[in-house]
Amino acid sequence: MELRNLRSGTDLELWVVPADKQMKPAAGFVTIDPSDLPDEYRLVQDGKAIPVALRDKHQQAELDHHIKRGSARIAHIVNTGRDGSALLRIHFFQGPVIEMGAIDIALDDRILAAASRHGFRCSSVVDLAKTLQERIVIRTGESERDRYFLLLAGAAADDDFQSTEDQVHAERWFSICADGFRIPTEKRAIRKGEEVFFANRFVGAKLDADRALRLVRGEIRFSDKAERITALAAGEMSRIIQQKGSYLKKWDEYAAYEGEILLAKARAVGKIAYAGFNSVDRGIKFFVDEVPNKLSMDDKLEVTDEIPVYLKDPDMEWQEYSMHLEQEFKGESQPSEKEEVVTADIIEIGAKSITLATDAIPEKPTGFLLLSIQGDKAQIKRKLKARKLILEGRSANPLLGLLIEEDGELPDTQRVTKHKPLTPFVKDKIFKHPPTPRQSEAIDIALNTPDIALIQGPPGTGKTTVITAIIERLNEIHDKSRSVRGQILVSAFQHDAVENMTSRLSVNSLPPVKYGRRSGEEESSSDLVSDRIAIWCSEITSKIREKNPQIAELEEQRRLNASFRLYTHSPSDRNAMDLLKQMLALPRSLMPTELLDQASELFDQLEDENRLQGADSDILPLVRSLRVTDAGFRDDGPWRASDLYMRVEEELDEDERHALKLAVTWKPGRELAFLDPLKRLKQRLVERYAPRPSYKIEKPRADVLELFGKVAEQLAQSRNAKDTKDGILVNFLHELENNPVGVRRAIEDYNFVYASTVQGAEGKAIKRVKLGAGEENVVFDSVIIDEAARTSPPDLLIPMTQAEKRIILVGDHRQLPHIINDDIVSKLDAELPDESIASDNELLRVSMFEYLFNRLKKLEQMDGISRTVTLDAQYRMHPMLGEFVSDMFYKPYNEAFRSPLEEKYFQHELAGMNGRPLGWIDIQSREEAEVNAGTSWRRTIEAHRIAEKLNEWIHSEQGKNLSFGVITFYKAQVDCLFEELHKYGLAERVDRKWQIAAPYRFLKDEQGQDTAHERLRIGTVDAFQGMEFDVVFLSMVRTNRQNRQQGTGRNLSAIFGRLLSENLLCVSMSRQKRLLIAAGDSGLVMHELAGQAVPSLAAFYQLCTKSGVIL
């Protein structure tokens, strides 16, 4: 502690002389008191008393005056003489010394950041604690009685506590003072009967004279607030988790049953030994002695030479295995380059063989095939880690467990900020219409919550808009002295929801980065976020070229040089032609006519030569893709055969055309008797169209090289000084267009927002960019989770444990619920027959979103901090449709919402609809009933009628700028819809997976460039939550087969199937903006039980007959 800058009228400087020449005071702090001898005083330093006398006796009266007043004092020896004399500077303070004993003051990262702004260079809270102790404590000796510090108390310290940002619910106590800063300190109750001091702020201030400054004797220590709260939370959670009503314990019990089911399934298949394998069409065939009865085509297998512990020990229970998994993930905190386990889908199961869809050839000729639980295992590990962090108080917010549990008592350490909900910039950027009071309230609560904010919003009430505004405001209030890199995580249960949310974001003019991919997706495959980055690059390059038209010449020169390097490295006619094309593309001002003529002549010569050699070069890939195995042909055989037939029809003889026609016209359910002739045809066509081997060694042509030399010389003469700046722009454009990996990494480094699914938040991809050396846990300032009601609690907790400052949950429990195994809940009920306990099990069926909504309401009543809000005005839908959704799905629960926008905002002119916002394509069951497809259902005629209408509208002048969605309740119907859309060129099949054809994926802007908004999407209801489209088709699939007129209980399910789910109907009937079209059997919704079973569909059909169109 330094007091040299403290000056006041109550300071004295005087020389003292030791009475004993052998006892000389040293530099440092001492105390001074009267001695028993006249004209003598006693200095106490390091526990030793040193008798001294004043050199100047005239100062004795003033010194005695202050001492007799009882003023607290501390002396500082600032200089010493050779004779042992010492110059004292004595500081007197108001009142006597305050005795406080030992006190501990907790610091946090906020204090660390503030100290850093005032010049403190500390890497952690622990480092800051050591530094503050050195700067604050006044030591006159080594014992605890020899420690002092300075403070302001009462009204004198009030100004230090004032803050425009923080509203603190705590008892103000005192402000610790030192040279250059003050630390106002509060006393808070962290549990009953236990109070702790916390640093409120770090204030830059000189150690000026202040009559209210007090001297305190006591040992002051500083500690990390997080460590103290962690210990408290761990102790409390240890107590709560043992109680019967514990929410997290209930989910532990559920997870244990879930784990036992997983192990039982894996053990039922067991280890399948293989002895040899062959590469076959689309995969690898493994030869086995026996195929387990429990193995099915829907399973995924892993190839290994190690037997997992749960198969080695068949008696191992889930609890023991979960402990084994915990040990595994302890060593996985840092992402590693460990070789991935090979897992693959089953293509074919033979009597003595199993074919897997993989091209990864095993290293050893023998090994084992196991039912793969790698995906389950990875997910379980992440759930276990989140649970462990919560129970040990080590999540980014140590109090997370206490916030969740009903019996959790929060310590008085919560800090509520007072940030404005909106700024003019955010309001103008995000909101098309003025934000409603509820939207502003939602943003306010999200920004200023001390822990969790929950925003409930019915369809179209602007949840995504509110999320976007929250993120923009978080970016504005972020401390710009800190890195912006990945401070915010946006997450959701499904990839579709994450991509939908990120498609609306552009913080600091950068698209967000999404981490993690769908199961089975290759790292190189594209997704909506990757496409968005590509669109962003395209927009940037277009703007640069528009503002700098002069760089076109340099770009052509760069492409020319790249083509030349490629040609000299890999000489071929094709590369020579590409090089000549680049020459011909150069501006005429740079290329003399003579050189242009030479380039054109060479190009024509090479083109003629190659036309003769490769006229049929595009046919061979079509031949090779022809499916000739049973499983392969049933997958996409007819489409492959159709592509080949259209290309070679005129070149085939009659028998060959007949064989190929049989393949083209094949329908599911028919025999595949033509496969052998088709296989022979494929072999003949491969031999016919395969290129003849060439033994020619390619060398660069002398005439091409000579011409390039002349062109290069001509270009060199045209360069000028401005080319340096333009060259930088050209290089930047080249990177944007040709280095997607580098662009993504650059965007990662400067991006405020990262995105992932809830499971992906703990995945390898995000760990690689978030974790530094030695770090174990991914941490974000704020975590925003959309569609939170859709996510099961164990999954939801994964990103929640990563939020240091705030968790923002957004969703609607009236829409899709989380998935739960009802059999497990029934087993838990059976084990605990007591009614009160059984009712606790019902919590498992309630989304965590809904549970927390009620829990946070109770906390609001306890501490007065707002944490929840419900949005109450929708802007997505035509008001007639908005009123319908509100009345059918929300009004019964007193959650009705308004539709304030007028009809004119939702007009359309699609043919046959007369501008109406709803319609019904009536397809009676007598035309065709639904067909069972394994565990799913499909109805081809329904898919055909939807595809027909969609094709008409999407290609019409009135529909070219509209977006379309087709929703169904069954996975098999999704495939059926894609098959029908493929006939119109709206869909395509790539690597055995359906996708929207490229021209129809995104809406176009005025320049014809792709925007970030989807134009067409096909999927089940799950793929549409959180999304919106101008026009939505709803494919019902189910029909009133055989005119069924009776049904109760399970029979209702047999009739209506998934249409019985109110949550599914709520989502599916609220995605449209302008028009909702239901396609299905009107006989089903006119069924006598429809009003009871599917009231919303029945009401919709009636509304269509009155105010819509029946097509």
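# A walk through the chain

Start with the whole chain on screen: among contacts (heavy atoms within 4.5 Å) between residues at least 6 apart in sequence, 74% join residues at least 24 apart. What you have open is a predicted model, where local features need pLDDT of at least 70, side-chain atom pairs count only at pLDDT 80 or more, and totals for chains, interfaces and linings use all residues. Residues are numbered from 1 along each chain as its sequence is written, and side-chain values use heavy atoms, with hydrogens and water left out.

**The overall view**

Along its principal axes, the C-alpha trace spans about 135 × 90 × 70 Å. Of the 1111 residues, 51% count as buried. Here buried means under 20% relative accessible area, exposed means over 50%, and partly exposed is in between, using a 1.4 Å probe and protein chains only. Switch to cartoon and you have 38 helices and 43 strands; these are DSSP runs numbered from the N terminus, with helices being H or I of at least four residues and strands E of at least two.

Now colour by domain, with bounds from an automatic or database domain assignment. Among the domains are domain 1 (11-92), domain 2 (98-241), domain 3 (247-330 + 342-390) and domain 5 (618-689). Put a distance label between the C-alpha centres of domain 3 and domain 5, and it should read 37 Å.

**Stop one: the barrel**

Select strands S18 to S23. Six strands close into a barrel here, in the order S18-S19-S22-S21-S20-S23, with antiparallel pairing. Two strands pair if DSSP finds at least two bridges between them. On average, neighbouring strands of this sheet are turned by 45 degrees against each other, direction ignored; the axes are lines fitted to C-alpha atoms, and angles in general run from 0 to 180 degrees between N-to-C directions.

Zoom in on S19 (residues 283-288) and S22 (residues 353-356): four bridges join this antiparallel pair. Which residue stands opposite Ile284 in S22? Click across and you land on Leu356.

**Stop two: the cores**

Next, pick Ile404, Met800 and Leu809, the residues with the most contacts inside the largest nonpolar core, which has 65 residues. Such a core is a set of buried Ala, Val, Leu, Ile, Met, Phe, Trp, Tyr and Cys residues joined through side-chain atoms within 4.5 Å. Helix H30 (residues 848-863) gives the largest share of this core, seven residues. Stay on Ile404 and show its neighbours: leaving out residues up to four places away in sequence, it touches Tyr247, Leu248, Leu797, Met848, Tyr851, Leu852 and Arg855. For a second, separate core of 45 residues, select Met1036, Phe1056, Leu1059 and Met1069, which are included in it.

**Stop three: charged pairs**

The structure holds 56 salt bridges, each a side-chain nitrogen of Lys or Arg within 4 Å of a carboxyl oxygen of Asp or Glu. Try Asp33 and Arg73, whose closest N and O atoms are 2.8 Å apart. Asp33 sits in strand S2 (residues 28-34) and Arg73 in strand S5 (residues 72-80), 40 residues apart.

Jump to Arg188 and Glu186, which meet at 2.5 Å, N to O. Are they buried or exposed? Arg188 is buried at 1% relative accessible area, and Glu186 is buried at 2%.

Last, select Glu472 and Lys429, another salt bridge at 2.5 Å. Glu472 lies in helix H13 (residues 463-477) and Lys429 in helix H11 (residues 424-430), so the pair ties together parts 43 residues apart in sequence. Glu472 is buried at 2%, whereas Lys429 is partly exposed at 40%. Finish on Arg627, Asp636, Arg640 and Arg989, joined into one network by salt bridges that share partners.
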